[in-house]
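User: I'm new to this one. Could you walk me through how its labels are earned?

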Amino acid sequence: MRRLVLALATIVLVLSAMAGTSAQKQPRVVDLGHPLTEDSPSWTGEKVYVRTGTGDAARDGIAMGKIATDEHFGTHLDAPAHFSATGWTTEKIPVERLLRPAVCLNVAAQAEHDENYRVTVQDVQTWEREHGTIPRDSLVLVATGWDARWAQPRRYMNERNGVKHFPGLSVAAAKLLVERGVAGIAIDSPSVDYGPSEKYEVHRTTMPRNIYHVENATGLTKLPPGGFTVIVAPINIAGGSGGPTRIFALLN
Ligand SMILES: [Zn+2]
């Protein structure tokens, strides 16, 4: 009898464990990047990405192609080495730095009225008042809504008389994020430094601390303020200063 009770108890335990597994909620995965296309916006306006088909499945029975690209094109990673002689090149970034709890600073309302909007210290503090201090080693996503212009490269780069205009971060806000010890910063505009920047001060603030960036991300304005995970998966170029990247969120 005791054996029977034990056996029954074991079955109940196994069944409940199985039920637990099947009931576990799968995260909703959200793509936060643009596909690479030759007519996507480039920093200079020149064509910097070319894909040549070298095989066609219908014609040749096999599809193949080769690509040539700038490292900083499309949705891409800036490795810390981009602006720091001692910073990690792409393949040196530890993979655990690329899978991170994320927070989202949504400044779309501010950027809507100011194309050169720069995230302020106050924006960060407002987020922190509501959600707590930005956790160490997290990835900070900056949602400006600028990605709505992606399909129109000239409007996206928004250059007039040699000066670009698009939103980014202030140096003071970048310094605060460095203080918080964040792993990386992703933004849905062409750069973490706002358009008119000539000296790339934000890059020079973050990259010497081995903080990486993702630029030209998309879909950030639809994300919650926090409580989710982001995966950044750049092309793993040895010695690279960055490279085209997949980036996606796992929402609970
Ligand atoms: Zn870049």
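Analyst: Sure, and keep in mind that this is a predicted model. A handy place to start is helix α6: the cover over its buried residues includes β6 (118–119), α4 (121–131), β7 (139–143), β10 (168–169), β11 (184–187) and α7 (201–206).

User: Which residues of α6 are buried?

Analyst: In α6, which spans residues 171–180, they are A173, A174, L176 and L177. Seen down the helix axis, the buried residues of α6 fall within an arc of 160°, so they line one face of the helix. That fits a general pattern: an α-helix has 3.6 residues a turn, so residues three or four places apart point the same way.

User: What comes right after α6?

Analyst: G181 follows α6, and its phi is positive, near 75°.

User: Why is Y200 called partly exposed?

Analyst: Y200 has 15 other C-beta atoms within 10 Å. Being buried takes 20 or more, and being exposed takes 12 or fewer, so with 15 Y200 lands in between and counts as partly exposed. Y200 sits in the loop between β11 and α7. Leaving aside residues up to four places away in sequence, Y200 touches F83 and D193.

User: What makes β3 hardly covered?

Analyst: Strand β3 covers residues 64–69, and the count of buried residues among its six residues is zero.

User: How do you know that β2 and β3 pair?

Analyst: Pairing needs at least two bridges, and β2 (residues 49–55) and β3 have six, so they qualify as a pair, in the antiparallel sense. Within that pairing, T52 stands opposite K66 in β3.

Terms used. Residues numbered from 1 in each chain as written. Predicted model: local features only at pLDDT ≥ 70, side-chain atom pairs only at ≥ 80, totals over all residues. Helix = DSSP H or I, 4+ residues; strand = E, 2+ residues; numbered from the N terminus. Arc of directions from axis to C-beta. Contact = placed C-beta atoms within 7 Å.
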